[in-house]
Every structure is written in C-alpha cells, then in structure tokens.
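Please walk through the model below with an eye to how its strands are paired and where its backbone takes unusual angles.

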Amino acid sequence: MTGAEGRNVVCSVKRCDETGTHTVHRLYLASIPAESGRWMLCVNVFRPHGSGTGVELTTAPRHGHSTVVRLGTRAAGLLREAITDAVERIEP
Ligand SMILES: [Zn+2]
C-alpha cells in the first residue's frame, strides 16, 4: 500500500484526502511556504456533504490560529486573475 492509498482508505469519496470521520471532503492541492516559512498557504478543493464544491484557502502561521476562506467558482476565478496579474507585474 502506498502512502496516498493509505490516507484515503477511510473515505469512500474519490478525490478526498481526509481520513477518519469528517463532514467536509477535501482534496489537498498545494501547501506553499511564505515569508521565510512564517506562513503556510494551503489550497484545497472542498466539498461539504450535500452541497457544491469550492476552493478553500488556508493561511496558517507557524504559531497561532489558521484562517480558512472558502470561495465559490466566481470568487476563485477572480482571485486567480488577480494573482496572475500581480505575478506578471513583479516578474523581472
Ligand atoms: Zn471524504
């Protein structure tokens, strides 16, 4: 058994990385260290039982509480455009 298979044994939902009892299915896509590792920015796809999917952003400081923001398709698309625009402006 690989690690990936082992993580998903409990949940019967395809593309869910959660284990154990959970009310929201999540697919973990990226964990990005920021500000010299003082923050971790995580991007997930989430799906609560009985409702639609969305993008979940988590900002986790090295010390302290995490903040979770859930975005629908429209907000996630606007964020993607803003990030792309910002990155293009700072690239040399
Ligand atoms: Zn699940």
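**Strand pairing and backbone angles**

Val 45 has Val 55 as its bridge partner in β3, and this pair is a convenient place to enter a model that, it should be said at once, is predicted. The two strands concerned are β2, which covers residues 39-48, and β3, which covers residues 54-61; they run antiparallel and are joined by eight bridges. Another position in the pairing with β3 is Cys 42, whose bridge partner is Thr 58. Between β2 and β3 the hairpin has five residues, and in this hairpin Gly 50 adopts a positive phi near 80 degrees.

From β3 the path can be followed onward to β4, the strand of residues 67-71, with which β3 pairs in the antiparallel sense over five bridges. Val 55 appears again here, since its bridge partner in β4 is Leu 71, while its partnership with Val 45 was the starting point above. The hairpin of β3 and β4 likewise has five residues between its strands, and Gly 64 in that hairpin takes a positive phi near 120 degrees.

Taken as a whole, the sheet is open and consists of four strands in the order β1-β2-β3-β4, with antiparallel pairing. Its edge strands are β1, spanning 24-34, and β4, each of which pairs on one side only. From one strand to the next, the twist averages 20 degrees. As general background to such pairing, the strands of a sheet are held in register with one another through backbone hydrogen bonds, in either a parallel or an antiparallel arrangement.Two further residues deserve attention for their backbone angles, and neither is a glycine. Arg 15 has a positive phi of about 65 degrees, and its place is in the loop between α1, residues 3-7, and β1. Is Arg 15 buried or exposed? Arg 15 counts as exposed because 12 C-beta neighbours lie inside 10 Å, and a residue is classed as exposed when that number is 12 or fewer.

Glu 35 can be read along the same path, with a phi near 50 degrees, again a positive value, and a position in the loop between β1 and β2. Glu 35 has 10 other C-beta atoms within 10 Å, and it is therefore exposed.

How values were computed
Residues are numbered from 1 along each chain as its sequence is written. This is a predicted model: local features need pLDDT of at least 70, side-chain atom pairs count only at pLDDT 80 or more; totals for chains, interfaces and linings use all residues. Two strands pair if DSSP finds at least two bridges between them. Axes are lines fitted to C-alpha atoms, for helices over the stretch in contact, and angles run from 0 to 180 degrees between N-to-C directions. A residue is buried if 20 or more other C-beta atoms lie within 10 Å of its own, exposed if 12 or fewer, and partly exposed in between; C-beta atoms are placed from the backbone.
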